[in-house]
Amino acid sequence: MISVDPANTNPHPARTLVMGVVNVTPNSFSDGGMWADPEVAIRHARDLVAQGADIIDVGGESTRPGTDRTPEDEELRRVMPVVKAMVSDGVTVSVDTMRAGVAKAVVEAGATIVNDVSGGKADPGILNVVAEAGVDYVLMHWRGQSATMQDLIHYDNVVADVISETSQQVDAAIAAGIARERIIVDPGIGFSKTPEQNWQLVEAVDAFQEGFEDLRVLWGVSRKRFLGELLADDGQDRPALERDASTMALSTYFALHRAWCVRTHEVRANRDAMETVARIRA
Ligand SMILES: Nc1nc2ncc(COP(=O)(O)O)nc2c(=O)[nH]1
């Protein structure tokens with residue numbers, strides 16, 4: 001297994017990295033409530049690292065379309081024990097937050113990636129926090145809060161529009177003082193996109209990378225509804241916890257296209273599949 005430093009800014013590492021998801025929430029769309037207890041969440045994070053996760057992404061607020069905001073103090077209460085445990089284990093920690101206050105606290109606790117699904121739009125102060133701390137910043141394409149996002153699905157050309165809108169968010173991040181090489185872009189699969197638009201973005205993996213030639217790209221498709229719709233039985237979407245094989249298929253696809261990293265709830269099978277296809281490419 002080739003080891004790759006997640007802090008390396010090379011957009012095409014020797015192998016595509018895996019970011020393991022730990023949602024310390026009661027209501028995330030696929031695993032809400034499973035890791036809500038801090039000790040259980042820490043055990044799960046350590047298990048994902050043992051399975052081969054290069055990064056652990058800790059979330060304390062569900063981004064599920066239609067959900068209400070979690071109070072900031074509650075979000076921080078949820079994520080901090082897991083952040084501290086993983087930092088003390090020497091694991092690269094990312095925190096999935098849209099809030100400047102949470103970002104500041106977790107970076108001070110040793111997190112080295114701020115994963116902001118709003119790309120700096122929900123709380124622009126987060127950009128200054130990231131700039132001052134000099135940490136990596138996942139800037140995801142986003143058009144609005146969970147409650148309204150699925151109303152915002154009108155694009156002339158979803159690939160071109162997502163690239164141009166994300167570029168504007170990158171410019172704002174750089175204007176706030178974030179060094180360009182610290183920015184990781186993410187097309188925001190499932191956020192203000194229909195299933196068909198999600199497939200168009202996935203199919204445009206190379207065009208999206210070319211739109212941000214020197215930047216790392218993170219892909220987050222794990223267990224999402226467009227996969228459930230594809231695998232529907234008798235009109236019923238495949239349940240979220242039964243979409244891991246489909247997720248793994250796309251992880252291997254992204255590995256073949258030499259993407260920087262995939263964000264996934266299940267790690268071992270994704271790592272095995274990606275290692276396998278990387279051998280073919282070698
Ligand atoms: N960077 C990034 N972060 C994300 N956080 C949450 C979810 C959706 O909720 P989940 O935590 O249950 O996957 N998707 C993304 C994503 O696609 N990209």
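Two strands pair if DSSP finds at least two bridges between them. In this predicted model, β6 and β7 meet that criterion, since they pair in the parallel sense over two bridges. They belong to a barrel that eight strands close in the order β1-β2-β3-β4-β5-β6-β7-β8, with parallel pairing. The protein chain has a mean pLDDT of 94, and 98% of its residues reach 70 or more. The model scores are ipTM 0.98 and pTM 0.96.

**The barrel and its strand pairs**

- Within the eight-stranded barrel, neighbouring strands are turned against each other by 25 degrees on average, direction ignored.
- Helix α1 (residues 38-51) packs on this sheet and touches β1 (17-23) and β2 (55-59). The direction of α1 makes about 165 degrees with that of β1.
- Strands β1 and β2 run parallel and are joined by five bridges. Asn23 has Gly59 in β2 as its bridge partner.
- Strand β4 (residues 113-116) is joined to strand β5 (residues 136-140) by four bridges, and the two run parallel. Ile113 has its bridge partner in β5, namely Asp136.
- Strands β5 and β6 also run parallel, joined by four bridges. The bridge partner of Tyr137 in β6 is Ile183.
- Between β6 and β7, which pair over two bridges, Ile184 stands opposite Arg216 in β7.

**Strands covered on both faces**

- In a regular strand the side chains alternate between the two faces of the sheet.
- Strand β2 is mostly covered, with five of its five residues buried. Ile55, Asp57 and Gly59 lie on one side, Ile56 and Val58 on the other, and both faces are covered.
- In strand β6 (residues 183-186), Ile183 and Val185 point one way, whereas Ile184 and Asp186 point the other way. These residues of β6 are all buried.
- Asp57 in β2 is therefore among the buried residues, falling under the 20% relative accessible area that defines the term. Asp186 in β6 is likewise buried.

**Helix α4**

- The buried residues of helix α4 (residues 125-133) are Ile126, Leu127, Val129 and Val130. They are on the same side of α4 because they cover an arc of only 160 degrees around the axis.
- An α-helix has 3.6 residues a turn, so residues three or four places apart point the same way.
- The cover over the buried residues of α4 includes α3 (100-108), β4, β5 and α5.
- Gly134, just after α4, takes a positive phi of about 70 degrees.

**Helix α6 and its packing on α9**

- Two packed helices are described by the angle between their axes and the distance between the axes.
- For helix α6 (residues 195-203) and helix α9 (residues 244-256), the angle is about 35 degrees and the axes are 11 Å apart.
- On the α6 side, the contact involves Trp199, Val202 and Glu203; these residues meet Leu250, Tyr253 and Phe254 in α9. The residues of this contact divide into five nonpolar, no polar and one charged.
- Pro195, Gln197, Asn198, Trp199, Leu201 and Val202 are buried in α6. Trp199 and Val202 thus appear both among these buried residues and in the contact with α9.
- Besides α9, the elements covering the buried residues of α6 include α5 (158-175), α7 (205-211), β7 (216-219) and α8 (225-230).

**Individual positions**

- Ser62 is found in the loop between β2 and α2 (72-88). Ser62 counts as buried because its relative accessibility is 5%, and the limit for that class is under 20%.
- Leaving aside neighbours within four places in sequence, Ser62 is in contact with Thr25, Asn27, Ser28 and Thr67. Of these, Thr25 is 37 residues from Ser62 along the chain, and their C-alpha atoms are separated by 6.5 Å.
- Leu256 has its place in helix α9. With a relative accessible area of 45%, Leu256 is partly exposed.
- Leu256 and Ile280 are 24 residues apart in sequence, and their C-alpha atoms are 9.0 Å apart in space.

Technical notes. Residues numbered from 1 in each chain as written. Predicted model: local features only at pLDDT ≥ 70, side-chain atom pairs only at ≥ 80, totals over all residues. Heavy atoms only, no water. Axes fitted to C-alpha atoms, helices over the stretch in contact; angles between N-to-C directions. Contact = heavy atoms within 4.5 Å. Nonpolar A, V, L, I, M, F, W, Y, C, P; charged D, E, K, R; others polar. Buried < 20%, exposed > 50% of the residue type's maximum accessible area, 1.4 Å probe, protein only. Arc of directions from axis to C-beta. pLDDT = per-residue confidence, 0-100.
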